[in-house]
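Colleague: Could you take me through one part of this model slowly, as you would for someone in their first year? I would like a close look at the place where the two chains touch.

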Amino acid sequence: MKFLVLVAKNLRRNPLRTVLTALGTMMLVMVVTLVWSVLWFLDQATTQRSENFKAIVTERWSIPSRMPYSYAATLREGAARAPGDVRPLDWMTWQFYVGTVEPSPQKISLDNMVFVVAIDPDKALTMLEGMDLLTPEQHREMEQIVAKAKVNKQGIVMGRTQMARLNKRVGERINLYGLSNFKGLDFEFEILGQFPPGRYDGLSAMHVDYFNSQMDAYPSRHGGRKHPLADRSLNIVWLKVPDDQAFNHIAAQIESSPLYTSPPVKVETLSSGVGTFMEAFRDLLWGLRWVLTPACLVTLSLVIATAISISVRERQLEFAVLKVLGFRPGQIVLLVVGEALLLGVSVGVATAAGLFVLVNWYLEGIRFPIGFFDVFFVPPMGVAVGAAVGALTSLAGSLVPAWTARNVKVADVFAKVA
Amino acid sequence: MVSILRELYYGGAGTVVFLLILSVEAILLLLAAGRVPLQYSLRNLLVRWKTTLLTALAFTLVVAVMAVMLAFVEGMKRLTEGTGEPGNVIVLAEGNTDETFSNLPVGDLTDIEQQPGVLRDAQGRPLASRECYMVINQPFPDAPPGRPKRRFLQVRGIDDIERAAAVHNLHLAEGQWFSPAGVEERVLPDGTRRTVVQGVLGRGIAEELGRARGPQRRAQAVNPDRLEVGDLFELADRTWVVAGIMDSEATTFNSEIWAKRSVVGPLVGKEGYTTLVVRTAGPAAAIRFKNFLERDYDKAKVKAYVETEYYENLTQTTTQFLIAIAVVTFFIAIGGVFGVMNTMFAAVSQRRRDIGVLRLLGYGRRQILVAFLLESLVIALVGGLLGCALSTLADGWSATSVISGHAGGGKFVVFRLVVDAQILGVGLLLALAMGLIGGLVPAWSAMRLKPLEVLR
């Protein structure tokens, strides 16, 4: 205990140096923790989980996937057609739509475009990713929105970024005019609510029935011609399955079914689907993991090593006195390393904890759009990462100076003083 | 920091050169103004060589990391800038900003090709290329552990390859273009005779596919690191043969596979056209033709871009990465600044008596400030130069990423990292800025020391 007090007192001896080292440590721990948080989140998204196991059904070859909506009726049953076939626990269909709030073609811009998915409101809470992570208050709010969406089929739930960009508020009305392949599909919505902050900031959702009813009504307004996407309006089907074995059964049922030949479909796990998209960013992520993070760790070690080296050089006489007083070389090493560790770990924990609060509660995530992901949060484990980074770098940075302190020759030091 | 880095990066080499000259002039001015011999500062750095080295190494790492990150962005930027001909107009379906989602009716294509303004080849045919751009989700069962078992491949279905090559100004590096049929009979390694699809590959994707083969196939391959002309590969349930390799380095076509549209379209259920690219007399004619299509052409509603403008619009990812780099660099640099501050404060603290003596010898406060500032700048310069040298090792590395516009879509691209003089200049400027900021406060404190007090 006395030893700890001595270590802490030593840190207070040169407050300026301690503060500068702490600030340097803070900056670098912050970068490493943020990078780790992004990589951790992406690893989670591309790692198969035993709970909340989802299969994703899409067109076999082409991106974007476009399948007939008629596929949905049997796909949601996992294409089960014989006794003993496995059925999914739950399902969800996704139909994409892009529209603009601007009726005049000359004024269409990215600022007035809206990306919407048509879904069954009942599935929002049970199938959408991340709904299990909502706070009880957010969950209650989503339940209320879902209840409204079930009744009001012309309702739309919007992401926060989209609402802010369009300067719209809950309760207001909004008209969307179809763009690109969705030309001719126009909608009149009432904004029922907004998604919780985070991954759905850039997304809006409408009732599947409203989308399909507009699609069905298209020929009556266009001389009997079907909409070009009428037979290809289903983009993705998600199926919740209990485990790996059930997934393999359902995948085999669907991929061998004669119902899905034009176009053929494929089944993969959600994590594998996300992983395929993220493959394009593999070199960037590799760089974050194996270039940026180590560079930050080494830089931090150097900053700490510089501070500790200076401190050791200035305290040669003190170490000589300690040795004379009976301190063993190992205790001198512990003293120097202890100072670095105390500083590194405490600053690491404080920085990571501060970052957790700042990013998750005040900034509502860090924006780094990559693949499907727009916003990243610092997981609670990030605090442990901050501590580990502080500990690791302070240890690395202090070992050599500590060894120098250990080898201080009492006679030499006193000879110089004399 | 974001806007500074953006200005330095997008402001062009001129801004960086100007700032570097300004920095050199400032250092020369400091040398001229400071009467304390430079040798004094340098000797002090050498005496404390371990601390000097540790601090300089921190600069080295910060500069090297920033330069490598910028090299990544520069590679992507060059790709978008290098793709497209200024005299070409790319036509998509109305409301589309990306060819991935476009769908053009054949009748519209025929009519647009015949419009005045579209150049014609020696046979009198319009210099226009009808294309179907498709992204195929292809299984890769041999993927190494930890890597996805599927990946996206970009295939451009072309009607007339020679006209397309003329419109895009692309040439073959090896092999030949695919035949008018787009397929050929071939004896496969298992001895069976089969019709295979001919593909012409960009060099980048040929390397990617070459490396994606399993260890056994790579060991047997002519070139284990790249698909060569005549090599076979699997795509959309068919066997393909590499008919040719395009000379398409530094363009997005480097990451594409070109094949006969009527062969590949039905394989993936995409039988129409996404894109029409037409050649006009030059950049001014291209702008006129684009405006004509968007404003005055009333037979069909289409979206037209000058081809270079279309690819330049695919910079959203590049901009996002640049912002991320700026933020990360800012924080790492601040960390480095605190490191150099520590070093310089220690230097000041150890040499309080020296400073007192210098003051008594008649050196002014400003000379003391300059002497310590120069020390800090020398550490920064040495560290920065080492960092720049280290980062040049990354020049030419192959990498993959996505380039995209604001409205989604995008292209998966293979490109090379570019460490150019501008990036090295930005690195050096960063190092000097860190040295200046980190050295200023300790130098200021040294300047304010009272000679009699420190010598007491």
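What follows is a walk from chain A as a whole to its meeting with chain B.

Modeller: Happy to! Please keep in mind that this is a predicted model. Let's begin with chain A, whose secondary structure comes to 14 helices and 12 strands. Its radius of gyration is 30 Å, while the globule rule gives 22 Å for 418 residues, so chain A is more spread out than a compact globule. You can picture that with a box: along the principal axes, the C-alpha atoms of chain A fill roughly 105 × 50 × 35 Å. Of the 418 residues in chain A, 44% are buried. If you take the contacts in chain A between residues at least 6 apart in sequence, 79% of them join residues at least 24 apart.

Now for the meeting place. Here 49 residues of chain A are in contact with 52 residues of chain B. On the chain B side, at least two residues each come from helix H4 (49-82), strand E2 (128-139), strand E3 (150-158), helix H12 (316-350) and strand E12 (398-405). H12(B) gives the largest share of that side, 15 residues. Sorted by character, the chain B residues that touch chain A are 30 nonpolar, 16 polar and six charged.

One last detail is worth finding on your screen. Strand E2 of chain A, residues 62-63, pairs with E2(B) in the antiparallel sense, over two bridges. Look there for Ile63(A), which stands opposite Val135(B) in E2(B).

Notes. Residues are numbered from 1 along each chain as its sequence is written. Chains are lettered from A and ligands numbered from 1 in the order in which they are written. This is a predicted model: local features need pLDDT of at least 70, side-chain atom pairs count only at pLDDT 80 or more; totals for chains, interfaces and linings use all residues. Helices (H or I, at least four residues) and strands (E, at least two) are DSSP runs, numbered from the N terminus. The radius of gyration is taken over C-alpha atoms; the globule rule is 2.2 Å times the number of residues to the power 0.38. A residue is buried if 20 or more other C-beta atoms lie within 10 Å of its own, exposed if 12 or fewer, and partly exposed in between; C-beta atoms are placed from the backbone. Two residues are in contact if their C-beta atoms, placed from the backbone, lie within 7 Å. Ala, Val, Leu, Ile, Met, Phe, Trp, Tyr, Cys and Pro count as nonpolar, Asp, Glu, Lys and Arg as charged, and the others, Gly among them, as polar. Two strands pair if DSSP finds at least two bridges between them.
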